[in-house]
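Trainee: Could you pick one spot in this model and take a close look at it with me? After that, I'd love to hear how you would read a few other places in the same way.

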Amino acid sequence: MAQNKTHLTRAVILLALAAVFFITLDLGDSGSTSRLRRVFDTVFSPVENVSRVITRPLSGAWNAFRNYDEVVDENDRLREQVALQEGAAVAAAASVRLSQELLALNGLPTLAGINSVTAQVIGETPTNFSQTVEINQGSNSGIKVGMPVLNAAGLIGKVTEVFADRALVMLVSDPDYALSVKVVTKSSRTTVTLPPLPTEDAPTVDSVLETTETSSTSSTTSTTTTILGFTPSATTIPAEVVAGGGSNITVPIASQLSVRETGILEGRGPGTRPIVRFLDASTRADAIEVGAPIVSAGGSRSLAPPDIVIGVVSRVVERLGTAGPVLEIELVADLSNLSFLRVLLYQPITESGK
Amino acid sequence: MVERLLQLVASRWFRLVLVALLVLSLQTTLFSEIRVFGYSVQLMAIFVAVAGGVHDVRVGAIVGLVSGLMYDAVLATPLGISGLVLGATGVGAALALRSFREPTWWLRILVVSAIAALSEIVLPLTKAVVGLGGWLSPRMFAVALVTFVGGLILSAPFVPVARWTLREQVSLGRR
């Protein structure tokens, strides 16, 4: 009996030491813990799949009981929204295509050049202290740790664990999530006056853009265009033409440039809006408008390619001293209702080798 | 060789791994979908607390450490954190029940549920200690409350499961 107790005490000490050892390894980004997880997943996956099949009717019944009225209301609301957005989607698609063509023309990176894998959410986090979802695609589909994950609305998180045919995605709202972002500090409704063009060379995109004013002279056409949610001056600099020598010189007008602030987006847990911190201390809080769009900053060490839509500023908190303002963000993606996701096959340098 | 294998299969620790796998699969499927006010009931914590409550401190610690390490393996959190927290849960449940001379069945359930709920407060604290802050908020008390109520309902059926799983000797059919 006493010997049995000694054995058990030894086992407890050994297991506790093993737990501390694994924590140290994992926090040090050791690959051995990932291998251990994969081995365990091989054993656990079949058991989990069987359990999922058996318990599906129960969870379905629970969801039907809890959410039926909400689903009916949401369905009505969505039908109306779809009808409203069908027209806008055509215009948006054309704008995005134009934007991508311009970016490609200038040799700038675009999302169009990055392959993606579509995946379905098959499970939520089982614990109350992490914000992750499980998707039904894994390393067999080319998914790797660190890849950004989007839904139809915008960025929702990044891949943190990859198994053969499933992966875990950490959501933007997880306190461990951080990403460098850009805040476009000018209103998203921008009026741009395109330079005069000969009538025969006038843009053919008029049909998809909302033309507010058109004036014609005998040989040129001047078009003023308003595009919601699109800032042409971000990629094409407004210019003035100065006559110099025998040819015209194009000079950008600095005061008309859209200012972009960069900061770090951080999750703050479920039910709490993420924030953007570390904005330049010289940034005045009143220079950032509520509703200003937030997009990923990109860059060689960033976790995501540039210009992925994340959300809009919902509140600007000014701080005293040298600390810059803090922005509260309303995400465009609804993280509580995820179904189909898109994993961009883009692995950041900082995550390579995992 | 075969006899050793049979001994291993018949041991309570092998049964513990199998039962913990089943409980874990329920946690990651059914109980991650059935959320009460947005919080999931922590079946693993309840199971460990029950195991500690019906056995002694050492058995409770081992059940907690093994179950916790298995739980960590399917989560994105550092491997070992849940192991330590659930290990402490098993020990806590055994120690708490030791302080009563002859606890009644309802007292057992009450104590086990309270210890399981407490583990949901200790978990974010442990995460903060290793540098994973951000979870220390009033929300953890709501999580603990949901787990406490879940424990009141689910710990009773777990008592015979924990007793069978951790029974020291199982007959192999030989006399």
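Mentor: Happily! Let's start with A:D307, which sits in the loop between β15 (293–296) and β16 (309–317) of chain A. Those strand labels come from DSSP runs, numbered from the N terminus: a strand is a run of E with at least two residues, and a helix is a run of H or I with at least four. Before we go on, residues are numbered from 1 along each chain as its sequence is written, while chains are lettered from A and ligands numbered from 1 in the order in which they are written. Keep in mind that this is a predicted model, where local features need pLDDT of at least 70, side-chain atom pairs count only at pLDDT 80 or more, and totals for chains, interfaces and linings use all residues, and that side-chain values use heavy atoms, leaving out hydrogens and water.

Back to our loop. A:D307 is not a glycine, yet its phi is positive, about 65°. Its relative accessible area is 32%, so A:D307 is partly exposed; buried means under 20%, exposed over 50%, and partly exposed in between, using a 1.4 Å probe and protein chains only.

Now turn to chain B. There, B:F37 also has a positive phi, about 55°, without being a glycine. B:F37 lies in the loop between β1 (35–36) and β2 (39–40) of chain B. With 65% relative accessibility, B:F37 counts as exposed.

How does that loop fit into its chain? Chain B has 8 helices and 2 strands, in the order α-α-α-β-β-α-α-α-α-α along the sequence. Of its 175 residues, 56% count as buried. Helix α2 (residues 12–28) of chain B gives us a neat check: its 17 residues should span 24 Å at 1.5 Å a residue, and its end C-alpha atoms are 24 Å apart, so the two agree. The expected span is 1.5 Å times one less than the number of residues. Among the buried residues of that helix are B:L16, B:V19, B:L24 and also B:R12 and B:R15.

Finally, a place where the chains touch. A:N63 belongs to helix α2 (residues 31–105) of chain A, and it is partly exposed, at 29% relative accessible area. Leaving aside residues up to four places away in sequence, A:N63 touches A:Y68 and B:E33, where contact means heavy atoms within 4.5 Å.
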